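Notebook open, viewer running. I want to look up how the helices and sheets of this chain sit together, one entry per stop.

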Amino acid sequence: MVQIITDSSTLYTEEEGKALGIVPIPLCVTIGEKEIRDLSIPVEAFIADIDAGHIPVSSQPPIGDVLEVFERYKGSTIINLSMGDGLSGTYQTACSAREMAENREDITVVNTRTLCGPHRYMVECAAAMAREGQSKEAILQMVEEKMASTKSYLIPQDFAYLKRGGRLSPTAAWIGSLLNIKPIVVLNKEGARLDKFGTGRTLKGAVKAVFKQMERDRVGEKDILYIAHGAVPEDAEMIRDMALERFPGIDVRILLLSHVFITQGGPGCVALQHVQK
């Protein structure tokens with residue numbers, strides 16, 4: 001039996017994970033004097049704390065939490081699908097927990113080189129294959145194929161959050177200092193940092209620039225387009241309508257970003273991510 005373990009980059013709560021047969025271990029956020037687990041409180045309350053002047057700081061899941069989950073499923077073949085290494089210490093924490101676990105030979109930790117929407121989809125597919133009784137090798141091959149087909153763009157409202165997190169390339173950090181533009185950054189192929197992609201004068205202009213690249217990459221009916229947003233549903237719906245007009249038949253899914261990703265991208269940020277079905 002294969003058990004899928006992951007983290008809250010999938011935007012699944014622990015309760016939602018149970019319904020799929022997965023375990024999404026939550027990352028952590030400190031804001032003001034509060035330490036919370038990702039997805040444990042309403043996002044609106046979290047943003048209210050930010051608006052009150054508190055600066056949030058995110059961190060990977062405690063290693064003890066990961067080790068406890070590994071040991072809970074002793075006797076199973078465990079695949080831990082982690083968010084991209086370099087964006088978080090989550091992958092390294094999972095690797096360390098594996099080395100500490102008594103059942104380490106039964107644990108495979110995978111750096112998915114992505115996050116949020118595509119990460120969520122890989123986990124959903126892996127969980128479905130596990131329920132069907134498919135092998136570890138077949139699941140890992142599927143994950144590798146999905147990793148090769150995904151691309152992620154971020155349009156932040158405030159570059160200060162990304163700069164503070166230290167996940168930008170120097171060029172991307174510089175472009176974020178420019179005024180009166182909407183900078184666009186893209187996750188690099190290794191899933192380790194955000195690089196400069198382009199700019200737009202408005203959110204619509206930035207989205208159109210991403211769509212133009214998606215056309216060059218032949219994105220269409222065979223793909224899922226995830227629109228993940230930092231509590232700006234109207235923007236997400238506008239982008240969905242633009243996408244359906246530009247890419248007839250594409251599968252568009254809207255996700256609300258969790259506390260950790262709002263900590264990194266800032267309130268109001270929008271991510272556009274695509275992955276092949």
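**Entry: helix α6**

I began on the outward side of α6, where Glu137 and Gln141 are exposed. This is a predicted model, so I kept to local features with pLDDT of at least 70. Turning to the other side, I found Ile139, Met142, Val143, Lys146 and Met147 buried. Why do they share one side of α6? They cover an arc of only 135° around the axis, which puts them there together.

What do these buried residues pack against? I noted β1 (2–7), β6 (77–82), β7 (107–111), α5 and β13 (270–276) as the partners of the buried residues of α6. I also checked the helix length: α6 takes in residues 136–147, twelve in number. From first C-alpha to last, α6 reaches 17 Å, close to the 16 Å expected at 1.5 Å a residue.

**Entry: the four-stranded sheet**

Next I traced an open sheet with strand order β2-β1-β6-β7 and parallel pairing. Its edges are β2 (22–25) and β7, each with a single partner strand, so one side of each is left without a neighbour in the sheet. I logged an average twist of 20° from one strand to the next.

Then I went through the pairings. β1 and β2 run parallel and are joined by four bridges; Asp7 has Ile25 of β2 as its bridge partner. For β6 and β7 I have five bridges, again in the parallel sense, and Ile78 stands opposite Ile107 of β7.

Two helices on this sheet went into the log. Helix α4 (residues 90–100) packs on the sheet and touches β1, β6 and β7, with its direction at about 165° to that of β7. Helix α5 lies across β1, β2 and β6, and runs at about 165° to β1.

I stopped at β2 to see where its side chains go. In a regular strand, side chains alternate between the two faces of the sheet. In β2, Ile22 and Pro24 point one way and Val23 and Ile25 the other, yet all are buried.

**Entry: nonpolar cores**

Which residues have the most contacts inside the largest nonpolar core? I have Ile4, Leu81, Ile139 and Phe261 down for that, in a core of 50 residues. Helix α5 (residues 116–131) gives the most to this core, with nine residues. Apart from it lies another core, of 23 residues, and I jotted down Val219, Ile227, Val232 and Phe247 among them.

I picked Ile4 for a closer look, ignoring its neighbours within four places in sequence. Its contacts include Ile22 and Val23, both of which I had already marked as buried in β2. Ile4 is also in contact with Ile79 and Leu81, and with Val123, Ala126, Ala127 and Ala130. Gly21 is on the Ile4 list too.

**Entry: the three-stranded sheet**

My last stop was an open sheet of three strands, ordered β4-β3-β5 and paired antiparallel. Here β4 (34–37) and β5 (57–59) are the edge strands, and each pairs on one side only. The twist averages 25° from one strand to the next.

β3 (residues 28–31) pairs with β5 over three bridges in the antiparallel sense. I found Val29 opposite Ser58 of β5. Helix α2 (residues 43–51) packs on this sheet, touching β3 and β4, and I noted about 40° between its direction and that of β3.

Definitions and conventions
Residues are numbered from 1 along each chain as its sequence is written. This is a predicted model: local features need pLDDT of at least 70, side-chain atom pairs count only at pLDDT 80 or more; totals for chains, interfaces and linings use all residues. Side-chain values use heavy atoms; hydrogens and water are left out. A nonpolar core is a set of buried Ala, Val, Leu, Ile, Met, Phe, Trp, Tyr and Cys residues joined through side-chain atoms within 4.5 Å. Buried means under 20% relative accessible area, exposed over 50%, partly exposed in between (1.4 Å probe, protein chains only). Contact means heavy atoms within 4.5 Å. The expected span of a helix is 1.5 Å times one less than its number of residues. The arc is that of the directions from the helix axis to the C-beta atoms. Two strands pair if DSSP finds at least two bridges between them. Axes are lines fitted to C-alpha atoms, for helices over the stretch in contact, and angles run from 0 to 180 degrees between N-to-C directions.
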